[in-house]
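Hi,

Here is the structure I promised to pass on. Have a look at it first, and then read on for what I found.

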Amino acid sequence: MVFPWLCDENGKPLDEWQRNLAESDDAHLLINACPGSGKTRVLVAHYLHLLMTKAEWDVGAVVAITFTKKAAAEMKERIGKVLQHIAHEVKEAWRRRARQLLDHLPEAPIGTIHSFCARLLRRFAIEANLAPSFQVLGDLQASILRRQVCER
Ligand SMILES: Nc1ncnc2c1ncn2[C@@H]1O[C@H](COP(=O)(O)OP(=O)(O)OP(=O)(O)O)[C@@H](O)[C@H]1O
Ligand SMILES: [Mg+2]
(Lines give C-alpha, C1' and ligand atoms only; values in the text may rest on other atoms or scores of the structure.)
(Ligands and ions follow the chains in the order given, each with its own letter.)
Protein backbone atom coordinates (compact mmCIF):
# COMPACT_ATOMS: atom_id res chain seq x y z
CA MET A 1 0.00 0.00 0.00
CA VAL A 2 1.27 3.49 -0.85
CA PHE A 3 0.62 5.94 1.96
CA PRO A 4 -1.17 9.07 0.71
CA TRP A 5 1.64 11.30 2.03
CA LEU A 6 3.96 9.45 -0.34
CA CYS A 7 1.95 10.81 -3.26
CA ASP A 8 2.38 14.25 -4.75
CA GLU A 9 -0.11 17.10 -4.84
CA ASN A 10 -1.67 15.55 -7.97
CA GLY A 11 -2.27 12.28 -6.13
CA LYS A 12 0.51 10.55 -8.12
CA PRO A 13 2.65 8.05 -6.12
CA LEU A 14 6.33 8.87 -5.78
CA ASP A 15 8.85 6.77 -7.69
CA GLU A 16 10.68 4.13 -5.68
CA TRP A 17 13.90 6.18 -5.25
CA GLN A 18 11.83 9.16 -4.15
CA ARG A 19 9.81 7.06 -1.71
CA ASN A 20 12.92 5.47 -0.18
CA LEU A 21 14.32 8.91 0.56
CA ALA A 22 11.01 10.32 1.78
CA GLU A 23 10.50 7.43 4.21
CA SER A 24 14.04 7.47 5.51
CA ASP A 25 14.53 8.34 9.16
CA ASP A 26 18.26 8.98 8.63
CA ALA A 27 19.30 12.14 10.41
CA HIS A 28 21.39 13.25 7.43
CA LEU A 29 20.12 13.03 3.88
CA LEU A 30 21.56 14.76 0.86
CA ILE A 31 19.44 14.99 -2.27
CA ASN A 32 21.55 16.19 -5.14
CA ALA A 33 19.75 15.86 -8.46
CA CYS A 34 19.24 17.83 -11.63
CA PRO A 35 16.65 20.62 -12.05
CA GLY A 36 13.07 19.41 -12.21
CA SER A 37 13.94 15.85 -11.18
CA GLY A 38 11.69 15.81 -8.12
CA LYS A 39 13.80 17.10 -5.20
CA THR A 40 11.00 19.25 -3.79
CA ARG A 41 8.58 16.36 -4.31
CA VAL A 42 10.79 14.22 -2.04
CA LEU A 43 11.17 16.98 0.57
CA VAL A 44 7.41 17.54 0.72
CA ALA A 45 6.83 13.80 1.16
CA HIS A 46 9.61 13.54 3.77
CA TYR A 47 8.11 16.42 5.73
CA LEU A 48 4.69 14.77 5.64
CA HIS A 49 6.13 11.34 6.44
CA LEU A 50 7.64 12.77 9.64
CA LEU A 51 4.46 14.51 10.74
CA MET A 52 1.92 11.91 9.62
CA THR A 53 3.77 9.03 11.31
CA LYS A 54 4.58 10.80 14.57
CA ALA A 55 1.28 11.75 16.14
CA GLU A 56 2.98 13.27 19.19
CA TRP A 57 4.78 15.88 17.06
CA ASP A 58 3.18 19.19 16.20
CA VAL A 59 4.12 21.32 13.19
CA GLY A 60 6.67 23.17 15.31
CA ALA A 61 8.67 19.94 15.62
CA VAL A 62 9.90 20.02 12.01
CA VAL A 63 11.81 23.03 10.76
CA ALA A 64 12.07 23.34 6.97
CA ILE A 65 14.58 25.91 5.76
CA THR A 66 14.71 27.02 2.16
CA PHE A 67 17.03 29.41 0.36
CA THR A 68 14.36 31.75 -0.97
CA LYS A 69 10.92 32.94 0.14
CA LYS A 70 9.58 31.66 -3.17
CA ALA A 71 10.82 28.13 -2.43
CA ALA A 72 9.28 28.28 1.06
CA ALA A 73 5.93 29.36 -0.38
CA GLU A 74 6.12 26.51 -2.91
CA MET A 75 6.86 23.97 -0.15
CA LYS A 76 3.97 25.20 1.98
CA GLU A 77 1.59 25.20 -0.94
CA ARG A 78 2.53 21.68 -2.05
CA ILE A 79 2.36 20.36 1.54
CA GLY A 80 -1.08 21.98 1.91
CA LYS A 81 -2.33 20.36 -1.28
CA VAL A 82 -1.21 16.88 -0.27
CA LEU A 83 -2.80 17.39 3.16
CA GLN A 84 -6.05 18.37 1.44
CA HIS A 85 -6.00 15.02 -0.35
CA ILE A 86 -5.29 13.15 2.89
CA ALA A 87 -8.09 15.06 4.61
CA HIS A 88 -10.50 13.19 2.32
CA GLU A 89 -8.99 9.73 2.80
CA VAL A 90 -11.14 6.82 3.96
CA LYS A 91 -9.04 6.20 7.06
CA GLU A 92 -10.42 8.37 9.83
CA ALA A 93 -7.14 8.67 11.78
CA TRP A 94 -5.33 9.99 8.67
CA ARG A 95 -8.16 12.44 7.95
CA ARG A 96 -8.11 13.77 11.48
CA ARG A 97 -4.35 14.14 11.54
CA ALA A 98 -4.27 15.83 8.11
CA ARG A 99 -6.92 18.34 9.19
CA GLN A 100 -5.04 19.06 12.40
CA LEU A 101 -1.83 19.67 10.42
CA LEU A 102 -3.69 21.80 7.86
CA ASP A 103 -5.08 24.00 10.65
CA HIS A 104 -1.56 24.66 11.89
CA LEU A 105 0.22 24.85 8.54
CA PRO A 106 0.11 28.69 8.39
CA GLU A 107 2.32 28.92 11.48
CA ALA A 108 4.60 26.00 10.53
CA PRO A 109 8.30 26.93 10.52
CA ILE A 110 8.81 26.54 6.78
CA GLY A 111 10.81 29.49 5.54
CA THR A 112 14.18 31.07 4.93
CA ILE A 113 17.01 31.10 7.45
CA HIS A 114 16.22 34.81 7.97
CA SER A 115 12.61 34.11 8.87
CA PHE A 116 13.65 31.28 11.18
CA CYS A 117 16.13 33.54 13.00
CA ALA A 118 13.52 36.33 13.26
CA ARG A 119 11.05 33.82 14.71
CA LEU A 120 13.60 32.67 17.30
CA LEU A 121 14.49 36.23 18.27
CA ARG A 122 10.82 37.19 18.56
CA ARG A 123 10.13 34.15 20.71
CA PHE A 124 13.05 34.95 23.02
CA ALA A 125 12.88 38.73 22.64
CA ILE A 126 13.39 39.43 26.34
CA GLU A 127 16.47 37.20 26.56
CA ALA A 128 17.82 38.80 23.37
CA ASN A 129 17.09 42.27 24.77
CA LEU A 130 14.89 43.16 21.79
CA ALA A 131 11.42 44.64 21.43
CA PRO A 132 9.14 41.77 20.34
CA SER A 133 7.80 44.05 17.61
CA PHE A 134 11.23 44.49 16.00
CA GLN A 135 11.39 44.60 12.21
CA VAL A 136 14.07 43.25 9.91
CA LEU A 137 15.70 46.10 7.98
CA GLY A 138 15.01 46.22 4.28
CA ASP A 139 17.92 46.63 1.83
CA LEU A 140 17.29 50.38 1.45
CA GLN A 141 16.96 51.05 5.19
CA ALA A 142 20.10 48.97 5.81
CA SER A 143 22.17 50.93 3.32
CA ILE A 144 20.94 54.27 4.75
CA LEU A 145 21.80 53.12 8.27
CA ARG A 146 25.21 51.86 7.13
CA ARG A 147 25.99 55.23 5.56
CA GLN A 148 24.84 57.12 8.67
CA VAL A 149 27.08 54.94 10.85
CA CYS A 150 30.09 55.36 8.52
CA GLU A 151 29.65 59.13 8.45
CA ARG A 152 29.79 59.45 12.22
N1 LIG B 1 8.49 10.65 -10.43
C2 LIG B 1 7.75 11.60 -11.01
N3 LIG B 1 6.72 11.30 -11.84
C4 LIG B 1 6.00 12.28 -12.41
N5 LIG B 1 6.17 13.59 -12.20
C6 LIG B 1 7.17 13.94 -11.38
C7 LIG B 1 8.01 12.99 -10.74
N8 LIG B 1 8.92 13.64 -9.95
C9 LIG B 1 8.66 14.94 -10.11
N10 LIG B 1 7.61 15.12 -10.97
C11 LIG B 1 7.06 16.38 -11.41
O12 LIG B 1 8.10 17.15 -12.01
C13 LIG B 1 8.00 18.52 -11.65
C14 LIG B 1 9.27 18.97 -10.93
O15 LIG B 1 9.32 18.33 -9.66
P16 LIG B 1 9.95 19.08 -8.41
O17 LIG B 1 9.46 20.50 -8.37
O18 LIG B 1 9.72 18.25 -7.20
O19 LIG B 1 11.47 19.03 -8.86
P20 LIG B 1 12.73 19.81 -8.30
O21 LIG B 1 13.89 18.89 -8.47
O22 LIG B 1 12.47 20.33 -6.94
O23 LIG B 1 12.80 21.03 -9.32
P24 LIG B 1 13.72 22.38 -9.21
O25 LIG B 1 15.10 21.95 -9.54
O26 LIG B 1 13.07 23.26 -10.23
O27 LIG B 1 13.56 22.89 -7.80
C28 LIG B 1 6.75 18.65 -10.80
O29 LIG B 1 5.66 19.01 -11.60
C30 LIG B 1 6.58 17.24 -10.23
O31 LIG B 1 5.22 16.96 -9.92
MG1 LIG C 1 12.53 22.30 -6.15
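Gly38 sits in the loop that runs between α1 (16-22) and α2. This is a predicted model, so please read everything below with that in mind. Is Gly38 buried, exposed or partly exposed? It has 18 C-beta neighbours inside 10 Å, and because a residue needs 20 or more to be buried and 12 or fewer to be exposed, Gly38 counts as partly exposed. Leu105 lies 67 residues away from Gly38 along the chain, and their C-alpha atoms are 22 Å apart.

Gly38 also belongs to the surroundings of ligand 1, together with Asp8, Lys12, Asp15, Gln18, Ala33, Pro35, Gly36, Ser37, Lys39, Thr40 and Arg41. Helix α2 (residues 39-53) gives the largest share of that shell, with three residues. Sorted by class, the shell holds five charged, five polar and two nonpolar residues.

Now for the chain as a whole. There are six helices and two strands, and their order along the sequence is α-α-β-α-α-β-α-α. The radius of gyration is 19 Å, whereas the globule rule gives 15 Å for 152 residues, so the chain is more spread out than a compact globule. Along the principal axes, the C-alpha atoms fill a box of roughly 65 × 35 × 25 Å. Of the 152 residues, 22% are buried. Taking contacts between residues at least 6 apart in sequence, 57% link residues at least 24 apart.

Happy to talk it over whenever suits you.

Best wishes

Conventions:
Residues are numbered from 1 along each chain as its sequence is written. Chains are lettered from A and ligands numbered from 1 in the order in which they are written. This is a predicted model: local features need pLDDT of at least 70, side-chain atom pairs count only at pLDDT 80 or more; totals for chains, interfaces and linings use all residues. Helices (H or I, at least four residues) and strands (E, at least two) are DSSP runs, numbered from the N terminus. The radius of gyration is taken over C-alpha atoms; the globule rule is 2.2 Å times the number of residues to the power 0.38. Two residues are in contact if their C-beta atoms, placed from the backbone, lie within 7 Å. A residue is near a molecule or strand if its C-beta atom, placed from the backbone, lies within 6 Å of it. Ala, Val, Leu, Ile, Met, Phe, Trp, Tyr, Cys and Pro count as nonpolar, Asp, Glu, Lys and Arg as charged, and the others, Gly among them, as polar.
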